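Student: Could you take a close look with me at one place where two helices from separate chains meet? I would also like to see the chain around it.

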Amino acid sequence: MNIAPARVMRFVGTRLLSSAIVLLGVIIVVFVLIQLVPGDPVRLALGTRYTPEAYEALRAASGLDRPVLEQFFSYLGGAITGDLGVSFRNGQPVTEILLERLPATISLAVAGLLIALVLSVPAGIWSALHEGKVSDIIVRITSQIGVSVPDFWLGMLLISLFSVTLGLLPSSGYTPLTEDPIGWLRQVTLPAVTVGIVAGAIMTRYIRAAVLDVATAGYIRTAISKGLAPHIVTFRHIVRSALVPVLTIAGIQLATILGGVIVVEVVFAWPGLGRLVYDAVASRDYPLIQGAVLLIAVMFIAVNLLVDVLYAVVDPRIRVA
Amino acid sequence: MNKRITWSIAAGAATMLALAGCSAGESVDINGSSSDGSTLIAAIGGEPDQLDPQRTSSYFSFEVLENVFDTLVEPDENLEMQPALAESWEVSDDQLTWTFDLRDGVTFHDGSDFTSADVVYSYNRIIDEQLANAWRFSAITDISAPDDDTVVITVGQPSPNLLSNLGGFKGMAIVSQDNVESGDITTDPIGTGPFSLEDYVTGDHITLTANPDYWGGAPELAGVEYRFISEPSTALAALQAGDIDWTDVVPTQQVTDLESSDELTLGMTPSNDYWYLALNEAREPWNDVRVRQAIAYAIDRDAIVQAVSFGTAAENQLAIPEQSIWYTEYDQYSTDLDKAQSLLDEAGFTGGTLEMLATSDYPETVTAAQIIAANLEPLGIDVTISQPDFSTWLDEQNSGNFDMLMMGWLGNIDPDDFYYAQHHTDGVSNAQKYSNTEVDSLLDAGRTETDQAARAELYADAATIIADEVSYIYLYNPSVIQSWSPSVTGYETRADAAIRFRDTSLTD
C-alpha cells in the first residue's frame with residue numbers, strides 16, 4: 001500500500017488549519033462563558049471584610065477594570081504566544097502552572113489507557129466471537145457494570161481494600177516517574193486501575209460491536225466459504241479490520257482521560273489537570289480555568305488530529321473531506 | 001499495516017511516558033525524610049494559593065504559614081494574647097502610645113537578624129498597599145522604630161483590641177523585606193517561625209524543616225510534610241493506612257466512630273467562628289421585635305446543627321463559644337411554637353412570606369434554610385429560599401434585599417470583632433439595620449475600656465440585649481475537627497483553628 005506523501009501532507013495541512021479554527025472558537029467560547037459566570041472574583045478573593053481601596057487595588061492589579069473587548073484581545077494575543085496570563089490567586093503564570101501539572105495527568109492517562117486496552121481488547125474480541133454464548137453474556141454484563149459504576153466509588157473501594165485493609169498500596173500521593181519509577185508505579189496503580197476499569201468497560205462495548213460488524217461483512221463470509229482456517233480468518237481479517245474503530249475509541253478515551261478525570265484525581269489527591277480545574281473552579285481563579293480548559297481543548301484536538309492522520313496512513317480510502 | 005499502527009501507538013505511548021517523566025518540580029525523597037521517624041506527615045484539604053502571609057486569604061495557606069511566620073504577639077490556647085516577637089509592651093497613660101520591646105537574638109530563616117525595621121516594613125506594607133487586612137490597622141496613626149529593639153505604635157483612640165489585631169492570625173506576620181522585594185515570598189517564604197520552608201511541589205506537597213535557632217526552642221519534629229487531600233474519605237483512609245500522621249480533613253459523619261476509636265485520636269473543639277440568622281429590620285413586619293422573637297422561638301437549633309454538621313457543631317445563643325474567656329451564659333430561646341404563635345398574635349401578624357437569602361457557596365446556609373422553612377410553616381410563614389452565588393449574596397445583603405439571611409463570621413478573637421461592626425448603629429456590617437442607643441454606648445465603651453473584667457461585663461450586657469432584641473439569632477459555633485495517629489503527641493486542637501506543630505512530637 002503506497003500512499004502518495006503529498007496527499008497525506010495536504011490532508012494533514014487541512015486538518016491543522018481546521019484545528020486552528022476550532023481552537024479559536026474554543027478561546028472565544030471559553031472567554032464569553034467566563035464573562036457570563038456570576039460572581040465577582042475580586043470580592044471573593046478578598047472575603048467579606050476589606051476596604052474599598054483594597055478592592056480597587058486588586059481589581060486594577062488583575063486587569064478586570066479594563067473594557068471586556070480589550071481584555072479579550074489582550075488574552076487572545078497572549079494565548080497565541082503561549083502567555084495565558086497569571087493566576088488570579090497567586091500571580092503565577094498560568095502556562096507555568098499548567099505545564100507543572102501536565103506530566104502527572106499524562107502519566108495517569110497513559111497508564112489508565114494501557115490498563116483499559118489490556119482489559120478491553122481481549123474481552124471485546126472474545127465476546128464478539130462468542131456472540132450470544134455464556135461468555136459473551138458475562139462480558140456484556142461485566143462491562144455494563146463497569147460503565148455504570150461511579151468512578152469515585154470505585155476509587156474509594158480500591159483505597160479501602162488495597163490501602164486500608166491490605167496495606168499494599170498508598171491511598172494518595174504522586175512521585176514523578178523519572179525520579180522514582182517504583183514509587184511512581186505504586187502510586188499510579190490505584191488511580192490508573194480506576195480510570196482503566198471505567199474506560200475499559202466503555203471500550204469493550206465498542207470493540208465488541210466493531211468486531212461483530214466486520215465478522216458479518218461480506219468479505220469475511222467469502223473468506224470463510226473459501227475454507228480458510230478459523231483462526232486465520234479471525235486474526236488476519238476480522239481483528240485487523242476492526243483495529244480502525246478501536247483506534248478511534250482509544251483516541252477518544254485518551255482525550256477524555258487527559259481532560260476529564262477530575263473526580264479520580266480528587267479522590268487520589270493526584271496533582272494533575274483535573275484537580276487543578278477543580279481547585280480553580282472552587283476559588284474562581286478565572287485565568288487558570290480559562291487556561292486549563294484551553295489546554296484540555298488543545299489536547300482533544302491534538303489527539304483527534306493524531307487519530308485522523310493515523311487513519312489516513314492506515315486506510316488510503318480516507319480522503320480530505 | 002498492523003505493525004505500523006502498533007508501532008505508532010507504542011511510539012506515542014513512549015513519548016508520553018517520557019514527557020510524563022519531565023517533572024517540573026524538584027521533589028524530596030519522601031522515603032528518606034520520613035525514615036528517621038520524626039517528620040510528621042499532615043494532610044490538609046487543599047493547596048495554599050500562595051505563601052505570602054500578608055496577601056493570601058486562604059486557610060490552606062495559613063495552616064502552613066502558622067509554622068513558618070511569627071507575629072508581634074500571638075494567641076495562646078485560650079486566645080489571650082501572649083508575647084511572641086515582642087517580649088513585652090507598655091501602653092501610655094492616655095492609651096494612645098504602645099511601646100513594644102522586641103525579643104533579642106531572633107533571626108530569619110536566611111540567617112539575617114530580625115529588627116524593629118522589619119516590623120515597621122511589614123505593617124507599612126499592609127497599610128500602603130491596602131492589602132486585605134488593612135482594616136485591622138484602621139486605628140493606627142503611626143508606626144516608628146526609635147531603635148533596633150523597639151517599635152512604637154500610635155493609635156488615634158484607645159484600642160484595647162490592638163493586640164488581637166496585631167497577633168490574631170498570621171495575616172499580620174512579620175515578613176522580610178528582601179524576601180518580598182525579590183518576589184520569592186509567594187513560593188519561598190522566609191519567616192522567623194519554628195519551621196522553615198524546604199520544598200514545595202505544586203499540586204502535591206510542601207515540606208517544612210525544623211528551625212534549630214527558633215527563639216522558642218528548636219521543635220521536636222525534624223519537619224512537617226503537608227499533603228493536599230481534599231476528599232475526606234481519602235484523608236481518613238490515608239490516616240488509617242498509616243500513610244499520613246495527622247489531618248483536619250475528617251468526614252463529619254464519621255466523627256462518632258472516631259470518638260470511640262483506639263486506633264486514631266480525635267481532636268474536636270468549638271471554634272470561635274459562629275453562624276447566625278438575621279432579620280431585615282428595615283422591613284415590615286421584621287421591624288417588630290415580637291415577630292423576630294417569635295422566629296427565634298420557632299426555629300429548631302438542634303435540627304439545624306444535626307443537619308449541617310452531623311451534630312459536631314456546638315449550639316450557641318450568643319456569638320462567643322463556651323471555652324472563651326469572653327463567654328456569657330445565655331439560654332433564652334428554646335423551640336416553643338406556642339410562645340412563638342402568641343408573640344405573633346400580639347404583634348398582629350397573620351401570616352405571610354419570608355424571603356430567606358442563602359448561598360450555594362456555603363451549603364450549610366441552604367440546608368439550614370430548608371429546615372427553617374419547615375419550622376416556620378406551622379406559624380403561617382411561607383419561606384422562599386433564594387441561593388445566589390456569594391458575591392451576588394453580598395450585594396443583596398448590602399442593598400437590603402432580603403427578609404432573613406444566614407451567614408457566619410470567621411476568625412474573630414476580640415469581642416469587638418464579634419459585636420461592633422454587626423450591631424452598632426454605624427457598624428459597617430449591620431445589614432439587618434439594628435439600632436439601639438444602649439447597645440451603641442456599651443459597644444463604644446468596650447472599644448476603649450482597658451480593664452478586662454469591666455470590658456467583659458460591657459460585652460456581656462451588649463450581647464444579651466442584642467440577643468433579647470434579636471438583632472441576630474445565633475445558631476452555633478462549628479467545631480474544629482482533626483484526627484491524628486496515637487504516635488503524635490503534644491498537639492492540641494485550637495478554637496482559632498491555627499495548626500501549630502512547634503510542640504508536637506512523633507513516637508514510633
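Tutor: Happy to; we begin with the helix pair and then step back to chain B. Keep in mind that this is a predicted model. Two packed helices are described by the angle between their axes and by the distance between those axes. Here the partners are helix α7 of chain A, residues 151–165, and helix α7 of chain B, residues 232–240. Their axes lie 10 Å apart and make an angle of about 10°. Angles under 35 degrees count as roughly parallel, so α7(A) is roughly parallel to α7(B). Which residues make the contact? From α7(A) come Met156(A), Ile159(A) and Val164(A). From α7(B) come Ser233(B), Thr234(B), Ala237(B) and Gln240(B). Sorted by character, the residues of this contact include four nonpolar and three polar ones, with no charged residue.

Now let us step back to chain B. Its secondary structure comes to 16 helices and 21 strands, and α7(B) is one of those helices. Measured out along its principal axes, the C-alpha trace of chain B spans about 80 × 75 × 45 Å. For 508 residues, a compact globule would have a radius of gyration near 23 Å, and the 26 Å of chain B agrees with that. Of these 508 residues, 57% count as buried. Chain B exposes about 19400 Å², and carbon and sulfur atoms supply 45% of this area. Finally, take the contacts in chain B between residues at least 6 apart in sequence: 69% of them join residues at least 24 apart.

Terms used. Residues are numbered from 1 along each chain as its sequence is written. Chains are lettered from A and ligands numbered from 1 in the order in which they are written. This is a predicted model: local features need pLDDT of at least 70, side-chain atom pairs count only at pLDDT 80 or more; totals for chains, interfaces and linings use all residues. Side-chain values use heavy atoms; hydrogens and water are left out. Axes are lines fitted to C-alpha atoms, for helices over the stretch in contact, and angles run from 0 to 180 degrees between N-to-C directions. Helices (H or I, at least four residues) and strands (E, at least two) are DSSP runs, numbered from the N terminus. Angles under 35 degrees count as roughly parallel, over 145 as roughly antiparallel, 65 to 115 as roughly perpendicular and the rest as oblique. Contact means heavy atoms within 4.5 Å. Ala, Val, Leu, Ile, Met, Phe, Trp, Tyr, Cys and Pro count as nonpolar, Asp, Glu, Lys and Arg as charged, and the others, Gly among them, as polar. The radius of gyration is taken over C-alpha atoms; the globule rule is 2.2 Å times the number of residues to the power 0.38. Buried means under 20% relative accessible area, exposed over 50%, partly exposed in between (1.4 Å probe, protein chains only). Accessible areas come from the Shrake-Rupley method with a 1.4 Å probe; for residues, only the protein chains shown count as cover.
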